[in-house]
Amino acid sequence: MTQEIIDAVKEAKELAKPRNFTQSIDVIINIKDLDVRKPDNRFSEELALPNGRGKPITIGVIADGELAVSAKNAGIDLVISKEDLEELGKNRKQAKKLAGSVDFFIAQADMMALVGRFLGPVLGPRNKMPKPVPASAKVEPLLERLQSTIKVGVKQQPSIQILVGTQDMDDEKLAENIEAVLAILDRNLEKGRNQIKSMYIKATMGSVVRVI
C-alpha cells in the first residue's frame with residue numbers, strides 16, 4: 001500500500017491552501033465490523049513515529065525534588081509541584097486550560113495518587129493521564145521519545161484521526177509514519193488493516209484525499 005499512501009500524501013500537500021504556518025498532515029481511518037460498545041474492542045497505544053511528528057510538543061512534568069530539577073535542566077517549561085497540584089484541584093477552569101495546552105504529562109510515581117485526586121477528572125476524559133516514572137528517572141530520553149509520540153486508539157467511535165507529521169516532511173517519511181499507524185491496527189484488530197472501511201489523508205487547511 002506504500003505507493004498509494006505516498007501518492008495520496010503528495011496530493012494532500014498540493015491541495016493544502018497556503019498559510020503562514022507549517023500545516024499538519026493527518027490520517028483519518030474509518031473501521032468496519034467493530035462494535036466499540038464492547039470494551040474488548042477498544043484500544044489505545046502510544047506510538048513513537050519512526051520519522052517524528054515534524055513539530056515540537058508541549059510536555060508537563062509533575063514532580064518534586066530531584067526529578068523536578070532534572071526536568072527544568074532539560075528545558076521543560078512546565079514543572080508542576082505538589083502545591084501546584086493542590087491549587088489546580090481547587091481551580092477546575094485553570095486545570096482544564098492546562099489539560100488543553102499540554103500534549104503529554106509525566107509524573108513522579110509516588111505523586112500519581114495526588115494526580116488522580118486533583119487532575120484525574122480533567123485529564124482522564126482527555127486521555128492525558130501522566131506516564132508514571134521513578135523519582136530517579138533520567139528525563140532526557142523520556143522527553144526525546146515523547147517528542148515523536150502520538151496516541152493511536154479507538155474509544156467511542158470506530159474511527160481514528162491523528163497527526164502523522166507536517167507538510168514540510170518528505171512524502172516517503174510521512175508514508176512510513178502512516179505505515180507505523182497501520183501496524184498498530186494489525187496488532188489490535190481481528191482482521192488487521194483488512195478492517196479499514198476507508199482511509200484519507202489531509203493537511204490542516206486542505207481537502208481530504210482518499211487512499212482506500
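# A walk through the model

Start by selecting Glu-46, which at 29% relative accessibility counts as partly exposed. Keep in mind throughout that this is a predicted model.

**Stop 1: Glu-46 and its partner.** With Glu-46 on screen, add Lys-131. The two form a salt bridge, and their closest N and O atoms are 3.0 Å apart. Lys-131 is partly exposed too, with a relative accessible area of 32%. Colour the strands and you'll see that this pair links distant parts of the chain: Glu-46 belongs to strand β2, Lys-131 to strand β6 (residues 131–133), and 85 residues separate them.

**Stop 2: helix to helix.** How many salt bridges does the structure hold? There are eight. For another of them, select Lys-13 and Asp-171, where the closest N and O atoms are 2.7 Å apart. Lys-13 sits in helix α1 (residues 2–15) and Asp-171 in helix α8 (residues 171–188), so this pair ties together parts that are 158 residues apart in sequence. Is Asp-171 buried or exposed? Asp-171 is buried, because its relative accessible area is 11% and the cut-off for buried is under 20%.

Now pick Asp-186 and Arg-193. Their side chains meet in a salt bridge as well, at 2.8 Å from N to O. Both ends are partly exposed: Asp-186 has 36% relative accessibility, and Arg-193 has a relative accessible area of 25%. Before leaving the salt bridges, add Lys-10 to your view of Lys-13 and Asp-171: bridges with shared partners join these three residues into one network.

**Stop 3: a buried arginine.** Go to Arg-53, in the loop between β2 (43–48) and β3 (59–62). Arg-53 is buried yet has no salt bridge. Which side chain of opposite charge is nearest to Arg-53? That's Asp-103, 4.4 Å away. The pair misses out because a salt bridge needs the nitrogen and the carboxyl oxygen within 4 Å. Next, show the backbone of Thr-149: its oxygen lies 2.7 Å from a polar atom of the Arg-53 side chain. To see more of the surroundings, display some of the residues that Arg-53 touches, including Phe-104, Leu-146, Ile-150, Leu-163 and Met-169.

**Stop 4: the largest pocket.** Turn on a surface and look for a pocket of about 500 Å³, the largest one. Which residues lie nearest its centre? Select Arg-126, Asn-127, Lys-151, Gln-161 and Ile-162; the full lining comes to 21 residues. If you colour by strand, note that β2, β7 (149–154) and β8 (159–166) each supply at least two residues of that lining.

**Stop 5: two positive phi angles.** Stay on Asn-127 for a moment. Its phi is near 60°, a positive value in a residue other than glycine. Asn-127 sits in the loop between α6 (120–123) and β6, and at 32% relative accessibility it counts as partly exposed. Then jump to Asp-33, which has a positive phi of about 55° although it is not a glycine. Look for Asp-33 in the loop between β1 (24–31) and β2. Asp-33 counts as exposed, at 66% relative accessibility.

**Last stop: Lys-97.** Finish on helix α4 (residues 92–101), where you'll find Lys-97. This lysine is exposed, with a relative accessible area of 60%. For a final distance check, select the C-alpha atoms of Lys-97 and Ile-201: they're 29 Å apart in space, and the two residues are 104 apart in sequence.

Terms used:
Residues numbered from 1 in each chain as written. Predicted model: local features only at pLDDT ≥ 70, side-chain atom pairs only at ≥ 80, totals over all residues. Heavy atoms only, no water. Helix = DSSP H or I, 4+ residues; strand = E, 2+ residues; numbered from the N terminus. Buried < 20%, exposed > 50% of the residue type's maximum accessible area, 1.4 Å probe, protein only. Lys, Arg positive; Asp, Glu negative; His and termini not counted. Polar contact = N/O pair within 3.5 Å; in protein donor to acceptor, adjacent residues only side chain to side chain. Contact = heavy atoms within 4.5 Å. 1 Å grid on protein atoms, 1.4 Å probe; cavity = no way out; pocket = protein on both sides within 12 Å on 5 of 7 lines; lining within 4 Å. Points joined across faces, edges and corners; volume = space filled by probe spheres on them. Lists of a residue's contacts leave out its neighbours within four places in sequence.
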